[in-house]
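I opened my notebook today to follow one stretch of this model from residue to residue. Come along and keep the picture at hand.

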Amino acid sequence: MDHSEMIEYVRAQRTGVVSTLGPGGAPQAAYLPLAVTDRGELVSDAKPDSRKVANLRRDGRIAIVIGGADGTTLQC
């Protein structure tokens, strides 16, 4: 999948599972709406006081899975 195909895929799917690391190091996942910029940057609508934002401020590691109804996935 090249860069433009990735952007097209995310725009078609529009949702995914975002996993961050909680305070104790355990994974915490949430199903969220996602968008992508023309540069390929993934964007999510998260409230500033959300668990996801707190986790990312503490530890920037993140995993995202975007999946299609046809069984395909994009993992990053």
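Entry 1. I began with Y31 and found its place in strand β2, which covers residues 27–36. I remembered that this is a predicted model. Is Y31 buried or exposed? I looked up its relative accessibility, which is 61%, and exposed means over 50%, so Y31 counts as exposed.

Entry 2. Next I asked which residues Y31 touches, leaving out those up to four places away in sequence. The list I got is T15, G16 and V17. I then looked at side chains and found a polar contact of 2.8 Å that joins Y31 to T15.

Entry 3. I followed the trail to V17, which lies in strand β1. Strand β1 covers residues 15–21. The relative accessible area of V17 is 32%, and I noted this residue as partly exposed because the value falls between 20% and 50%.

Entry 4. Which strand pairs with β1 in the antiparallel sense? I found β4, with 3 bridges between the two strands. Within β4, V65 is the bridge partner of V17. I was pleased to meet both residues again at the surface: V17, Y31 and V65 make a nonpolar patch of about 270 Å².

Entry 5. I then walked along β4, residues 63–67, and saw that the side chains alternate. I64 and I66 point to one face and are buried. A63, V65 and G67 point to the other face and are not buried. I also checked I66 against Y31: their C-alpha atoms are separated by 9.6 Å, while the two residues are 35 apart along the chain.

Entry 6. On to what follows β4. Strand β5, residues 73–75, runs antiparallel to β4, and 3 bridges join them. I picked out G67, whose bridge partner in β5 is T73. The two strands form a hairpin with 5 residues between them. In the turn I noted G71, which has a positive phi of about 95 degrees.

Entry 7. That sent me looking at another positive phi. I found R14, a residue other than glycine, with phi near 70 degrees. Most residues other than glycine have a negative phi, so I marked this one with a star. Where does R14 lie? I traced R14 to the loop between α1 (3–13) and β1. With a relative accessible area of 57%, R14 is exposed.

Conventions:
Residues are numbered from 1 along each chain as its sequence is written. This is a predicted model: local features need pLDDT of at least 70, side-chain atom pairs count only at pLDDT 80 or more; totals for chains, interfaces and linings use all residues. Side-chain values use heavy atoms; hydrogens and water are left out. Buried means under 20% relative accessible area, exposed over 50%, partly exposed in between (1.4 Å probe, protein chains only). Helices (H or I, at least four residues) and strands (E, at least two) are DSSP runs, numbered from the N terminus. Two strands pair if DSSP finds at least two bridges between them. Contact means heavy atoms within 4.5 Å. A polar contact is a pair of N or O atoms within 3.5 Å; within protein, one must be able to donate a hydrogen and the other to accept it, and residues adjacent in sequence count only if both atoms are side-chain atoms. Patches are made of residues with over 30% relative accessible area and no salt bridge: like charges are joined within 9 Å, nonpolar side chains (Val, Leu, Ile, Met, Phe, Trp, Tyr) within 5 Å. Accessible areas come from the Shrake-Rupley method with a 1.4 Å probe; for residues, only the protein chains shown count as cover. A salt bridge is a side-chain nitrogen of Lys or Arg within 4 Å of a carboxyl oxygen of Asp or Glu.
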